[in-house]
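Let's take a walk through this one together. Have the viewer open and turn the model as you read.

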Amino acid sequence: MEINLAHLGAGLAIGLGAIGPGVSVGIIAGKALEGMARQPEASATLRTTMIIGIVFAEAIALYSFVVSILLFSK
Amino acid sequence: MAAEQVAGAEQSSEAGAVMSHILEEFSLSNEYAFKFFGIPLPHGPSMHLFGLDFSINKAVVVVWLATFITIGLVWYTGRGGGLVARGRLRNFIEAMVQFVKVDIVEANIGTHEGKKWLPFIGALFFLILFSNLLGLIPGSNSPTSNINMTATLAIIVFLTFVGAGMVKQGPFAYMKNLAPHGMPGWLYVILYPLEIFSQLAKPLSLALRLFANLLAGHILILSLLALIIMSGSIIVAPIPFAFSIIMYAFEIFVAFIQAYIFAVLSAIYIGAAIHPEH
């Protein structure tokens, strides 16, 4: 059984790299929801800030996705 | 047994062909953009200038189309004149330009200087938006799913905000204002390289975020549909198909969000360069 270490690295890269952003997106959305529940008048501001925060967190996941694709194509 | 092994090998070679077709989109060359649904398009005259490939392929044509839509829509909307907008198209375009002006430019650059920067940020927003959306048409690809285009846009934004900061404050004052004042002297030795590195990381993250988001969307939809081919049977076809339709709707949402995020971050960087907070 031969192990292609590049492919293994590709799987590990995206697998481990998506843990952090996944947790952080959940925390961001949860905090935004709490804020909207406390003060529904600020919903628009909270929603905009939440979208910006989620995009920053997703960017980290996509960096690891790029590394994974680079390793997979070796 | 032998027949199953042969069939398995045939399936795995098909899977390999499908995966190499998907991965072709990720390579830095533009060879994938010469195919329309797998049919090779005519190459045209090979235009190489200084070792770079300037030949006209599908991505180039889609960028031209996005540019014409951007310029044409906004020019056509604004040529009538008159204070009150009439008609659905004009109201729609005016609503989007109003959104860019109030929520993106003036919230980050300020009302006084915002008027000068609205054309740049608005053009950036609409170009990226239409480039993203045109990639969702089957058979075409989005030019922003290519690292070359997003890196170009990010370098333009980088030169713009560094240039605007240097013009506004003077070159040395801009470099000095990167780090906060009032720190003990030895801290500046660590702080300045860190600040310069974070300035360089800004266009890198802009380019990589836009490129990776759109590329991930394309690869996801292609991989889901390739599952049908790789499984070899047609019975399982509805499940990946339904899921890929859901991901398709999500891709439209991502197209809008990524254009908005690029424009907002450009406005934030320009605002931070023009008005340095202490």
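What follows goes chain by chain, then into the core and the helix packing, with stops at a few single residues.

Before anything else, keep in mind that this is a predicted model.

Start with chain A, since its make-up is quickly told. Chain A has three helices and zero strands, and reading along the sequence you get the pattern α-α-α. The radius of gyration of chain A comes out at 17 Å, while the globule rule gives 11 Å for 74 residues, so the chain is more spread out than a compact globule. You can see that in the dimensions too: along its principal axes, the C-alpha trace of chain A spans about 60 × 20 × 10 Å. As for burial, 14% of the 74 residues of chain A count as buried. If you look at contacts in chain A with a separation of 6 or more, 79% of them are between residues 24 or more positions apart.

For a residue to click on in chain A, try A:F72, which lies in helix 3 of chain A. Is A:F72 buried or exposed? Neither label quite fits: A:F72 counts as partly exposed, because it has 18 C-beta neighbours inside 10 Å and 20 or more would be needed for buried. Setting aside its neighbours within four places in sequence, A:F72 is in contact with A:H7 and A:A10. By contrast, take A:F72 and A:A29, which are 43 residues apart in sequence: their C-alpha atoms sit 32 Å apart in space.

Now move over to chain B. Here you'll find eight helices and four strands. Trace the chain along its sequence and the order is α-β-β-β-β-α-α-α-α-α-α-α. Of the 278 residues of chain B, 24% count as buried. Among contacts in chain B with a separation of 6 or more, residues 24 or more positions apart account for 67%.

Next, the inside. Which residues touch the most other members of the largest nonpolar core? That core has 46 residues, and the best-connected ones are B:I121, B:F125, B:A259, B:F262, B:A263, B:A267 and B:I270. Both chains feed into it: helix 3 (43-72) of chain A gives two or more residues, as do helix 2 (58-78), helix 3, helix 4, helix 5 (147-169), helix 7 (187-231) and helix 8 (238-274) of chain B. The biggest giver is helix 8 of chain B, with twelve residues. Zoom in on B:F262 for a closer look at the core: beyond its neighbours within four places in sequence, B:F262 is in contact with B:L124, B:I128, B:L206 and B:L210.

Some of these helices pack against one another, so to speak, in pairs you can pick out by eye. Take helix 3 and helix 4 of chain B: their axes are 9 Å apart and the packing angle is about 120°. That angle makes helix 3 of chain B oblique to helix 4 of chain B, because the roughly perpendicular range ends at 115 degrees and roughly antiparallel begins over 145. The crossing of these two helices is right-handed. On the helix 3 side of chain B, the residues that meet helix 4 are B:V97, B:V100, B:K101, B:I104, B:V105 and B:E106. Facing them from helix 4 of chain B are B:T111, B:G114, B:W117, B:L118, B:I121, B:G122 and B:F125.Between those two helices is a loop, and B:G110 is found there, between helix 3 (88-108) and helix 4 (111-134) of chain B. B:G110 has 13 C-beta neighbours inside 10 Å, so it counts as partly exposed. Outside its neighbours within four places in sequence, B:G110 is in contact with B:G271 and B:H275. B:G110 and B:I147, 37 residues apart in sequence, are 32 Å apart from C-alpha to C-alpha. Back in helix 3 of chain B you'll also find B:Q98. With 10 other C-beta atoms within 10 Å, B:Q98 is exposed.

One more helix pair is worth a stop. The axes of helix 5 and helix 8 of chain B come within 8 Å and cross at roughly 20°, which means helix 5 of chain B runs roughly parallel to helix 8 of chain B. This crossing, too, is right-handed. Helix 5 of chain B makes the contact through B:V157, B:T160, B:F161, B:V162, B:A164, B:G165 and B:K168, and helix 8 of chain B through B:S266, B:Y269, B:I270, B:A273 and B:I274.

Note on methods:
Residues are numbered from 1 along each chain as its sequence is written. Chains are lettered from A and ligands numbered from 1 in the order in which they are written. This is a predicted model: local features need pLDDT of at least 70, side-chain atom pairs count only at pLDDT 80 or more; totals for chains, interfaces and linings use all residues. A residue is buried if 20 or more other C-beta atoms lie within 10 Å of its own, exposed if 12 or fewer, and partly exposed in between; C-beta atoms are placed from the backbone. Two residues are in contact if their C-beta atoms, placed from the backbone, lie within 7 Å. A nonpolar core is a set of buried Ala, Val, Leu, Ile, Met, Phe, Trp, Tyr and Cys residues joined through C-beta atoms within 7 Å. The radius of gyration is taken over C-alpha atoms; the globule rule is 2.2 Å times the number of residues to the power 0.38. Axes are lines fitted to C-alpha atoms, for helices over the stretch in contact, and angles run from 0 to 180 degrees between N-to-C directions. Angles under 35 degrees count as roughly parallel, over 145 as roughly antiparallel, 65 to 115 as roughly perpendicular and the rest as oblique. A crossing is left-handed if the near helix is turned anticlockwise from the far one by less than a right angle, and right-handed if clockwise.
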